[in-house]
Amino acid sequence: MEKSATPPLPLAGWWRRISAMLYEAFLLLALWFIADYAFIALTHNVHSPFEKIVLQVYLLLVTASYFIWFWMRGQTLAMKTWRIRVVNTEGTAITFQQALTRFGVATVLLGFSQIWGLFDRDRQFLHDRLSGTRLVRTDV
């Protein structure tokens, strides 16, 4: 007798994803404080325009690393709290390339990508649509 395929998890709703994003913003702010403190402790100050650009690039890399690392493992802390998991269209873990694409598109289209989700047929954000990922509920 063959095992029946497990049905895919339902997609996370728009409000649940927005709520997780708001929680994520607080966690990200704390991460930025720690990263900024470490940068300033090592450089002893940030006065020149060059140092400010280096700090901004550093914070962008810290942010990208945070999200890519956790997305490739399925969830960030905020996603765990709101019982959301990021998966590919087959329902398995996403690749580095998908995580990088998701981060890049979400960063460049911040705001627009979320509004897109109000009009998308599956209520998915644009960065999920373009990266081949989806956010599913894990509380079912």
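## Pocket, cores and buried polar residues

The largest pocket in this predicted model has a volume of about 600 Å³. Its lining takes in 26 residues, and M21, E24, L28, F67 and L110 are the ones that lie nearest the centre of the pocket. Three elements supply two or more residues each to that lining: helix 1 (14–43), helix 2 (49–72) and helix 4 (96–108). Helix 1 gives the most, with 8 residues. As for chemistry, the lining of the largest pocket splits into 17 nonpolar, 6 polar and 3 charged residues.

Stepping back to the whole chain, there are 6 helices and 2 strands, which come in the order α-α-α-β-α-α-α-β along the sequence. Taken along the principal axes, the C-alpha atoms fill a box of roughly 65 × 35 × 25 Å. The protein chain has 140 residues, and 34% of them are buried. Of the contacts with a separation of 6 or more, 64% are between residues 24 or more positions apart.

What holds for the inside of the chain can be picked up from its nonpolar cores. The largest nonpolar core has 15 residues, and those touching the most other members are F67, W71, M79, I84, V86, F103 and L135. Helix 1, helix 2, strand 1 (84–88) and helix 4 each give two or more residues to this core, and helix 2 gives the most, with 5 residues. There is also a second, separate core of 6 residues, with A35, F39, V46 and L55 among them. F67 turns up twice in this account: it is one of the residues nearest the centre of the largest pocket, and it is also one of the listed residues of the largest nonpolar core.

V86, another of the listed core residues, shows what such a neighbourhood looks like in detail. Beyond its neighbours within four places in sequence, V86 is in contact with W71, G74, M79, I94, R102, T133, R134 and L135. W71, M79 and L135 in that set are also on the list for the largest core.

T133, one of the contacts of V86, sits in strand 2 (residues 133–137). With 5% relative accessibility, T133 falls under the 20% cut-off and therefore counts as buried. Its side chain has polar partners all the same: there is a polar contact of 2.6 Å with the side chain of D128, and another of 3.4 Å with the side chain of R102. Not counting residues up to four places away in sequence, T133 touches V86, V87, N88, I94, Q98, R102, Q124, H127 and D128.

H127 leads on to S113, a residue of helix 5 (112–119). The relative accessible area of S113 is 0%, so this serine is buried. The side chains of S113 and H127 are joined by a polar contact of 2.6 Å. A polar atom of the S113 side chain also lies 3.1 Å from the backbone nitrogen of L126. Leaving out residues up to four places away in sequence, S113 touches F125, L126 and H127.

R137 is found in strand 2 as well. Here the relative accessible area is 26%, between the 20% and 50% cut-offs, so R137 counts as partly exposed. The side chains of R137 and D139 make a polar contact of 3.1 Å. Neighbours within four places in sequence aside, R137 is in contact with L9, P10, L11, A12, R16 and R83. R137 and P8 are 129 residues apart in sequence, yet their C-alpha atoms are 10.0 Å apart in space.

Two arginines catch the eye for their backbone angles. Most residues other than glycine have a negative phi. R83, one of the contacts of R137, has a positive phi near 55°. R83 lies in the loop between helix 3 (77–81) and strand 1 and is partly exposed, with a relative accessible area of 47%. R123 likewise has a positive phi, of about 60°, without being a glycine. R123 belongs to the loop between helix 5 and helix 6 (126–131), and at 40% relative accessibility R123 counts as partly exposed.

Terms used
Residues numbered from 1 in each chain as written. Predicted model: local features only at pLDDT ≥ 70, side-chain atom pairs only at ≥ 80, totals over all residues. Heavy atoms only, no water. 1 Å grid on protein atoms, 1.4 Å probe; cavity = no way out; pocket = protein on both sides within 12 Å on 5 of 7 lines; lining within 4 Å. Points joined across faces, edges and corners; volume = space filled by probe spheres on them. Helix = DSSP H or I, 4+ residues; strand = E, 2+ residues; numbered from the N terminus. Nonpolar A, V, L, I, M, F, W, Y, C, P; charged D, E, K, R; others polar. Core = buried A, V, L, I, M, F, W, Y, C linked by side-chain atoms within 4.5 Å. Buried < 20%, exposed > 50% of the residue type's maximum accessible area, 1.4 Å probe, protein only. Contact = heavy atoms within 4.5 Å. Polar contact = N/O pair within 3.5 Å; in protein donor to acceptor, adjacent residues only side chain to side chain.
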